[in-house]
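Hi,

Here is the structure I promised to pass on. Have a look at it first, and then read on for what turned up.

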Amino acid sequence: MPIRTNRGRAAVYRRIWGFPLRSPAHLVGTAVAVIALIVAIGIVVPQLLGNPNRSGPEPVRIQDPGASSSPTSAGSSPAPMSTRLTAPLLQPTSAVPDPAALQTAKQWATAWATHPAGMTTAQWLEGLRPLTTEEYLPEMSTVDPANIPATRVTGEPTVTKSYTSSVEVLVPTDGPKLSITVAKTPSGWLVTGYDQAS
């Protein structure tokens with residue numbers, strides 16, 4: 001059997017491999033060093049080899065409509081693309097108010113103000129349903145008819161804004177004036193919102 005000495009290649013190997021096992025601190029230090037080495041290799045090697053995806057086809061470039069159609073010369077960078085919208089935003093078109101929209105607003109205000117004692121919210125909503133959009137009706141379900149500070153409509157509706165697809169109307173009651181928005185839908189003119197004006 002060979003005699004182990006502190007000299008020679010085998011002794012050096014024993015010291016290297018045995019270093020991490022001498023104490024927990026050596027083991028943690030060795031693990032940290034190995035992880036740092038792997039991360040460094042992961043960062044450096046791709047930079048040395050270059051991007052392997054560059055060998056694929058050139059990406060398609062969308063040319064800015066406002067830029068010149070001539071190709072860019074070698075060495076010059078292409079102009080940055082514009083991020084602004086070139087088409088103007090569509091604005092509502094003013095129009096003469098449709099009498100049907102005014103009639104819907106008045107009927108809706110009458111149904112809103114009609115709430116005899118003992119009427120439930122469900123019964124009150126049924127009066128509003130034919131004149132209100134399906135999207136707005138759930139918001140009306142939070143209103144308690146007993147808290148409505150009006151009992152009847154006291155005058156004709158007044159137009160405050162009128163467009164081809166919507167009309168804003170003020171309807172006077174024996175309480176507050178109602179600012180009602182009526183929109184044109186496939187089912188006709190229907191109320192999409194209201195507020196109590198002073």
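Let's start with a helix pair. Helix α3 and helix α4 (residues 121–128) pack with their axes 9 Å apart, at an angle of about 170°. Angles over 145 degrees count as roughly antiparallel, and α3 and α4 are therefore roughly antiparallel to each other. Where do they meet? On the α3 side you'll find Trp108, Ala111 and Trp112, and on the α4 side Trp124, Gly127 and Leu128. Sorted by class, that contact has 5 nonpolar residues, 1 polar one and no charged ones.

Before going further, please keep in mind that this is a predicted model.

Now for the overall layout. The protein has 198 residues, and 22% of them count as buried. Its secondary structure comes to 5 helices and 4 strands, and along the sequence the pattern reads α-α-α-α-α-β-β-β-β. If you look at contacts with a separation of 6 or more, 44% of them are between residues 24 or more positions apart.

There is also one annotation to mention. An unreviewed UniProt entry places a "transmembrane region" at residues 25–45. In the model, that span is 100% helix and 0% strand, and its end C-alpha atoms lie 30 Å apart.

Back to α3, for the aromatic residues. How many aromatic pairs does a search of the whole structure find? It comes up with 2. In one of them, the ring centres of tryptophan 108 and tyrosine 194 are 5.0 Å apart and the planes are at 55°, so the pair is tilted. Tryptophan 108 belongs to helix α3 (residues 99–113) and tyrosine 194 to strand β4 (residues 188–197), so this pair ties together parts that are 86 residues apart in sequence. Are these two residues buried or exposed? Tryptophan 108 has a relative accessibility of 0% and counts as buried. Tyrosine 194 is buried too, with a relative accessible area of 19%; the cut-off for buried is under 20%. Trp112 joins in as well: Trp108, Trp112 and Tyr194 form one aromatic cluster.

Next, two residues in the loop between α5 and β1. Valine 143 sits in that loop, with α5 covering 137–140. Which residues does valine 143 touch, not counting those up to four places away in sequence? They are Thr121, Trp124, Ile148 and Tyr194. Two of those names have come up already: Trp124 is part of the α4 side of the helix contact, and Tyr194 is in the aromatic cluster. Valine 143 and leucine 125 are 18 residues apart in sequence, and their C-alpha atoms are 9.4 Å apart in space.

Arginine 152 is found in the loop between α5 and β1 as well. Leaving out residues up to four places away in sequence, arginine 152 touches Ala113, Thr173 and Asp174. The C-alpha atoms of arginine 152 and threonine 114 are separated by 6.6 Å, with their positions 38 residues apart along the chain.

One last spot to look at is serine 162, in strand β1 (residues 158–162). At 10% relative accessibility, serine 162 counts as buried. Apart from neighbours within four places in sequence, serine 162 is in contact with Thr93, Ser94, Ala95, Val96, Pro97 and Val167.

If you open the model with just one thing in mind, try following tyrosine 194: this residue pairs with tryptophan 108 and is touched by valine 143.

Cheers

Notes: Residues are numbered from 1 along each chain as its sequence is written. This is a predicted model: local features need pLDDT of at least 70, side-chain atom pairs count only at pLDDT 80 or more; totals for chains, interfaces and linings use all residues. Side-chain values use heavy atoms; hydrogens and water are left out. UniProt positions are given in the numbering used here, feature names are shortened, and annotations may be inferred rather than shown by experiment. Rings of Phe, Tyr and Trp (its six-membered ring) pair if their centres lie within 6.5 Å; planes under 30 degrees apart count as stacked, over 60 as edge-to-face and the rest as tilted. Buried means under 20% relative accessible area, exposed over 50%, partly exposed in between (1.4 Å probe, protein chains only). Contact means heavy atoms within 4.5 Å. Axes are lines fitted to C-alpha atoms, for helices over the stretch in contact, and angles run from 0 to 180 degrees between N-to-C directions. Angles under 35 degrees count as roughly parallel, over 145 as roughly antiparallel, 65 to 115 as roughly perpendicular and the rest as oblique. Ala, Val, Leu, Ile, Met, Phe, Trp, Tyr, Cys and Pro count as nonpolar, Asp, Glu, Lys and Arg as charged, and the others, Gly among them, as polar.
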